[in-house]
Amino acid sequence: MTTIIVIENITPQVAVELSQDQGPQGAPGNTGPTGPTGPAGATGPTGSTGVQGVTGATGPTGATGDVGITGPTGPTGATGPIGATGNTGPTGPTGDTGVTGPTGPQGVTGSIGPTGPVGATGSIGVTGATGPIGATGDTGPTGSTGPVGATGPVGPTGSIGVTGPAGATGPTGAASTVPGPTGATGPTGPTGADGGGANFYDYKVKTTITTGDPGNTHLIYNNATQISATQINVSHIDLDGFDIDIFLALIKQNDTLIVQDASLSDNYQKWTVSGTPTLQTGYVEIPVTLTTSGGTGTTNFSNNQEVIFVIFSAGIVGPTGATGPIGATGATGPQGVTGNAGATGATGPTGPIGATGTQGVTGDVGPTGVTGATGPVGATGPAGTNGATGPTGPTGPTGTTGATGPTGATGATGPGADAIPVALFLGGM
């Protein structure tokens, strides 16, 4: 069995005869040298930049008007008028921008040199002959196939009707969230009258303890530094032997307390009740905050020093007046009328589909012939030696690149998607 291969991509063309007998392998040929690359074309010069236009001069600034004279200062004298400010001068026009220079031409691109010829390929050695294959019996003839019926033409597709214009949108109604006017705020209630007259009671200061029951006729502080105290404990029996528990129970937050030297008013401490007092058996615990102090009231009253304990009751605050009613919410504006929707155009009719041709009759299949006997396989011939591979010819130099041709004009735009040719449509079936 012999195969002939024609190689068309080389010059000259070479026909190679192949057989199943393996010939000797030729030695590889030498690779030819690569040709030099052609020079690149010079780049064209860049055009010069145009001259910048002159900037227009700025207009003069108008003079500032004189300041008016200030009138004399009387008991409540009027201030003299301020003089008018002068007008600002106009701004000068901006100069024109200079013309931009033209761009230099593009340099010519060098041409590409011709490609050198490819060296000839050495001949392939002869392949040894293969023994003959026995003859195959004849195959019976195949019955002929009947012709296929022709397909009927496809009817044209109907055009789509034009869509009617959309109706105009009606105007939008007035905002529906406009609140009504807010009602007037009610009057503030009257302020309560100031508390009644102050009461005072005689006591002694005890400095030997800071917590618990101060003992009859005494008061104590919960801090050894009296002006840093946050609580004063007062016995319900005063220095005169009276049980004033009923009055101590009336002390409330925001009342004012004064502890004063019984013999000198310059020595004092003024306190504000900072919370609700706690009544204990035989005494009351009063939370306090120092307001001010003086004399030995600042440096600590001594142990068993006689003082007067003054209670100023804070007036009751009158009730807050009622809040005026909320104004009614404004009416919601009417909804604007919505415009009518435009009518939709009618859809064109669809063309009829052509009739399909009848299927041709399939011919009878002829009988299969008898398979002949397979002949004996011949002996394999000896493998031939590979022929030497011819040297590869040198590669020719690369020529310069030729100039780029001008760009052709843009062709006319083809028909849209609605105008697909019927022949293209039929070809896709």
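This passage describes the secondary structure, strand pairing, nonpolar core, aromatic pairs and backbone outliers of a predicted model.

Residues are numbered from 1 along each chain as its sequence is written. In this predicted model local features need pLDDT of at least 70 and side-chain atom pairs count only at pLDDT 80 or more, whereas totals for chains, interfaces and linings use all residues, and side-chain values use heavy atoms, with hydrogens and water left out.

The chain contains three helices and 10 strands, where helices (H or I, at least four residues) and strands (E, at least two) are DSSP runs numbered from the N terminus. Along the sequence these elements follow the pattern β-β-β-β-β-α-β-β-β-β-α-β-α. Of the 429 residues, 21% count as buried; buried means under 20% relative accessible area, exposed over 50%, and partly exposed in between (1.4 Å probe, protein chains only). The accessible surface of the chain comes to about 30000 Å², and carbon and sulfur atoms hold 60% of this area; areas come from the Shrake-Rupley method with a 1.4 Å probe, and for residues only the protein chains shown count as cover. Among contacts (heavy atoms within 4.5 Å) with a separation of 6 or more, 74% join residues 24 or more positions apart.

Strand β4 (residues 218–221) pairs with β3 and with β5; strands pair if DSSP finds at least two bridges between them. Strand β3 (residues 199–205) runs parallel to β4 and is joined to β4 by two bridges, with H218 as the bridge partner of K204. Strand β5 (residues 231–235) is antiparallel to β4, and three bridges connect the two; here L219 stands opposite V234. In a regular strand the side chains alternate between the two faces of the sheet. In β4, H218 and I220 lie on one side and L219 and Y221 on the other, and all are buried, so that both faces are covered.

A nonpolar core is a set of buried Ala, Val, Leu, Ile, Met, Phe, Trp, Tyr and Cys residues joined through side-chain atoms within 4.5 Å. The largest such core has 22 residues, of which Y203, L219, Y221, V234, L257, I286 and F309 touch the most other members. At least two residues of this core come from each of β3, β4, β5, β6, β7 (268–273), β9 (283–294) and β10.

Rings of Phe, Tyr and Trp (its six-membered ring) pair if their centres lie within 6.5 Å; planes under 30 degrees apart count as stacked, over 60 as edge-to-face and the rest as tilted. Three aromatic pairs satisfy this rule. The ring centres of Y201 and F247 are 6.0 Å apart and the planes form an angle of 35 degrees, so this pair is tilted. Y201 belongs to strand β3 and F247 to helix α1, 46 residues apart. Y201 is buried at 11% relative accessibility, whereas F247 is partly exposed at 39%. The pair of Y203 and F309 is edge-to-face, because its planes stand at 80 degrees, with centres 6.0 Å apart. This pair links β3 with β10 across 106 residues, and both of its members are buried.

Most residues other than glycine have a negative phi. N254, in the loop between α1 (245–248) and β6 (256–261), has a positive phi of about 85 degrees and is exposed, with a relative accessible area of 52%. N304 has a phi near 65 degrees and is found in the loop between α2 (296–299) and β10 (306–312). With 40% relative accessibility, N304 is partly exposed.
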